[in-house]
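Q: I am new to this structure and would like to learn how to read its features. Could we take them one at a time?

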Amino acid sequence: MNKIVSLKTVWVLAFALFLMAGNAAAQIKMPAASPAATVKQSIGLGDVTVEYSRPSTKVRKIFGDLAPYGKVWRTGANASTKLTFSEEVMLEGNKVPAGQYALYTIPGEKDWTVIIHKNTKHWGDGGKDYKPEEDLVRFKVTPKKTADKVETFTIGFSDLTSNGAVMQIMWENTLVPVKITSDVDSKVMSQIQEKVVNGNNVTPALYAAAASYYADNNKDLKQALTWMKQANEKDPKFWTLHQQAKIQAKLKDYKGATATAQKSIELAKKESNADYVALNEKLLAEIKNKK
């Protein structure tokens, strides 16, 4: 009896494996109609990540038809598009804390409503499960017409600055810009206060970084010069000497700027860095014209 049971078990297992193999063979791997994409962009001191699916027009009319005006749209295909912010940002002036959100939009002929939604589990447009009370924020933006057709739905970033960028939602002949900004200045100034102003054993690199930030952001140039000199007194580099020369020129100390630029040239030549030789020579020519 045991032998019979054992034989039956073997046949059952063998048949099950046969069916599984048949099912696997019956499946055909094909390209996705709307391929998934992930875009990550550093903005300010943090990152913005977009995870979305990318449908193509395929000779269809999109806005006002496939994506009707006045109705919530998933802003892509398949599951809802995800936006992840590593730090708090402002979207068109609206505060969005760090975290992950779903991106929805309501297309319109004259303006679009952008929706940052807290529920990221919806499929498609959310249907009856979508609840407006789960929106974090809604705001309007003005779409632009593009001269060239965008065949495949695209979300990207442009106009990058030290504290922001523009997220572009593009498809067909429509571009929807969403301005993203980050409070970089207060965070950097806090670090400078902690690590340079109140810091112990401040390194030349920290002095140089603080000085460069002050100089590049129209802050106290005299303080910037003091810090850059402290950096170069301990560890002169051709690039920090060049920065010092530029600060001195801004303060109209042309004699000092000339001497510092020449020192930078000497070190740059020793390091065979033609770029900084050229930058300093350009600065010297500018100084000569101002004297």
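A: We may begin with contacts along the chain. In this predicted model, residues 24 or more positions apart account for 52% of the contacts with a separation of 6 or more.

Q: What does the secondary structure of the protein come to?

A: The protein has seven helices and 10 strands. The radius of gyration is 29 Å, well over the 19 Å that the globule rule gives for 291 residues, so the protein is more spread out than a compact globule. Along the principal axes, its C-alpha atoms fill a box of roughly 100 × 65 × 40 Å.

Q: How many of the 291 residues are buried, as a percentage?

A: A residue is called buried when its relative accessible area is under 20%. Buried residues make up 41% of the 291 residues in the protein.

Q: Which residues touch the most other members of the largest nonpolar core?

A: In soluble globular proteins, nonpolar side chains tend to be buried together. Here the largest nonpolar core has 31 residues, and Ile116 and Met167 touch the most other members. Strands that give two or more residues to this core include β2 (46–53), β3 (81–85), β9 (144–161) and β10 (164–181). The largest share, seven residues, comes from β10. Beyond four places in sequence, Met167 touches residues including Val50, Leu83, Leu103, Ile155, Phe157 and Ile180. There is also a second, separate core of 18 residues, which includes Tyr214, Ala224, Trp227 and Met228.

Q: Is Thr81, in strand β3, buried or exposed?

A: Thr81 is buried, with a relative accessible area of 0%. Its side chain reaches the backbone oxygen of Thr75 at 2.7 Å. Leaving aside neighbours within four places in sequence, Thr81 is in contact with residues including Val50, Tyr52, Thr75, Tyr101, Leu103 and Ile155.

Q: How should a helix be read, and which residues of α4 are buried?

A: An α-helix has 3.6 residues a turn, so residues three or four places apart point the same way. Helix α4 (residues 221–234) has 14 residues and reaches 20 Å from its first C-alpha to its last, close to the 20 Å expected at 1.5 Å a residue. The buried residues in α4 are Ala224, Leu225, Trp227, Met228, Ala231 and Asn232. They cover an arc of only 170 degrees around the axis, which puts them on the same side of α4. On the other side of α4, Lys222, Glu233 and Lys234 are exposed.

Q: What covers the buried residues of α4, and which residue caps its N-terminal end?

A: The cover includes α2 (184–197), α3 (204–216) and α5 (238–250). The N-terminal end of α4 is capped by Asp220, with a side-chain oxygen 3.1 Å from the backbone nitrogen of Lys222.

Q: What span should helix α6 have, and against which helices do its buried residues pack?

A: The length of a helix can be checked against its number of residues. At 1.5 Å a residue, the 17 residues of α6 (residues 254–270) should span 24 Å, and the end C-alpha atoms are 24 Å apart, which agrees. Among the buried residues of α6 are Tyr254, Ala257, Thr258, Ala261, Ile265 and Ala268. The buried residues of α6 pack against α5 and α7 (274–290).

Q: Which residue with a positive phi follows α6?

A: Ser272 follows α6, and its phi is near 55 degrees.

Technical notes: Residues are numbered from 1 along each chain as its sequence is written. This is a predicted model: local features need pLDDT of at least 70, side-chain atom pairs count only at pLDDT 80 or more; totals for chains, interfaces and linings use all residues. Side-chain values use heavy atoms; hydrogens and water are left out. Helices (H or I, at least four residues) and strands (E, at least two) are DSSP runs, numbered from the N terminus. The expected span of a helix is 1.5 Å times one less than its number of residues. Buried means under 20% relative accessible area, exposed over 50%, partly exposed in between (1.4 Å probe, protein chains only). The arc is that of the directions from the helix axis to the C-beta atoms. Contact means heavy atoms within 4.5 Å. A polar contact is a pair of N or O atoms within 3.5 Å; within protein, one must be able to donate a hydrogen and the other to accept it, and residues adjacent in sequence count only if both atoms are side-chain atoms. A nonpolar core is a set of buried Ala, Val, Leu, Ile, Met, Phe, Trp, Tyr and Cys residues joined through side-chain atoms within 4.5 Å. The radius of gyration is taken over C-alpha atoms; the globule rule is 2.2 Å times the number of residues to the power 0.38.
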